[in-house]
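Me: I should like to go through this model and ask on what grounds each description rests.
Reply: Please proceed; each answer will set a value against its definition.
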Amino acid sequence: MRVLGIEGTAWCASAALYDAETDSVLIESDPYEPDSGGIHPREAAEHMSEAVPEVVDAVLTAAEEAHGPDAVDAVAFSKGPGLGPCLRTVGTAARALAGTLDVPLVGVNHMVAHLEIGRHRSGFENPVCLNASGANAHLLGHHDGRYRVLGETMDAGVGNAIDKFTRHVGWDHPGGPKVEAAAAEAAAERDPDADLVDLPYVVKGMDFSFSGISSAANHAYDDGVPVGEICLSLQEHAFAMLTEVSERALSLTGADELVLGGGVAQNDRLREMLGTMCAARGADFHAPEPRFLRDNAGMIAVLGAKMAAAGDTVSIPDSAIDPDFRPDQVPVTWREGDAS
Ligand code: ATP
């Protein structure tokens, strides 16, 4: 089966072709890059309506050149969560393409796709998943036909919390890679035993909060604390919180596999902390390669293929987008026979 996936929940217009027979994924992406500040929803939507047709055309052309006119067996799209105007463009494109090609349509939950690409690439059976993305941060585990939210942020997503600080400093979007670079530079130059900048560390069971950490980092910057020191402390606090709740989720579920998903998972220090924690408790850890971590249509096409194979397709009238689509609303139809 070959599935053409379309992604466009916020900033990245992306199309992909997943070939299940060869397990190969072709991805074409066109990110929206704001001139200043963070993501402006209207500009992101305008970008999406220009870029989605282009990336879809590029992937479809490559697919038909390689496999002929019947190259695509199904079209999958991000149904949510995300920005409504962006999702509507993606939904319209997917419906039109499925109709033109006369193939089934599959509506994919973007957050479940972040998780499933890690499960697919690792071969893990029943992992706990930490989704560390821009707008979200949560822990998912599979039980009784659903992905359950074991813990989640009580306010901001982890990437958005980092970006809020970098906007305050005046750095371009996205802030995450700049914080990572500044933190690594500061760590190389400082006394390793010196105290970190004191920032809020808020964990309640398996839930956590990032809103206070951004504000405290902003105040420290206004007070003249060197920016590299703040970046280092921001990462150490936020990622230690994510590592603590991930360990608690592994412990409470009895799982011995952890997968990581989302754009913030590109951060070496986060992967190092999670890897160290998993090794200490004898659990396996996997983070997919970067092209599958940031928003991308590859993960939509891969999960779309599993859903299509399970007969989990949607009719046009039932294909409405859902900006608030939670991962625990998705009936997991494609894991028949898996451990619960
Ligand atoms: P969601 O998937 O929840 O809809 P999103 O659309 O914002 O979120 P992602 O692509 O998952 O998109 O993640 C983007 C976020 O990842 C941004 O906040 C960005 O700053 C952050 N990010 C990217 N690279 C790094 C890095 N190396 N370190 C930390 N954060 C990073």
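**The ligand and helix H6**

Reply: The ligand is surrounded by 23 residues, the closest being Ser133, Asn136, Asp163, Glu180 and Asp295; a residue counts as near if one of its heavy atoms lies within 4 Å of the molecule. This is a predicted model, in which local features need pLDDT of at least 70 and side-chain atom pairs pLDDT 80 or more, while totals for chains, interfaces and linings use all residues. Residues are numbered from 1 along each chain as its sequence is written, and side-chain values use heavy atoms, with hydrogens and water left out.

Me: What makes the pair formed by the side chain of Asp295 and the ligand a polar contact?
Reply: A polar contact is a pair of N or O atoms within 3.5 Å. An N or O atom in the side chain of Asp295 is 2.6 Å from an oxygen atom of the ligand, so the pair meets the definition.

Me: How do you know that the span of helix H6 agrees with its number of residues?
Reply: The expected span is 1.5 Å times one less than the number of residues. For the 12 residues of H6 (residues 211-222) this gives 16 Å, and the end C-alpha atoms are 17 Å apart, which agrees.

Me: Why are the buried residues of H6 said to line one face?
Reply: Buried means under 20% relative accessible area (1.4 Å probe, protein chains only), and the buried residues are Ile213, Ser214, Ala217, Asn218 and Ala220. Seen down the axis of H6, they fall within an arc of 160°, so they line one face of the helix.

Technical notes: Helix = DSSP H or I, 4+ residues; strand = E, 2+ residues; numbered from the N terminus. Buried < 20%, exposed > 50% of the residue type's maximum accessible area, 1.4 Å probe, protein only. Arc of directions from axis to C-beta. Polar contact = N/O pair within 3.5 Å; in protein donor to acceptor, adjacent residues only side chain to side chain.
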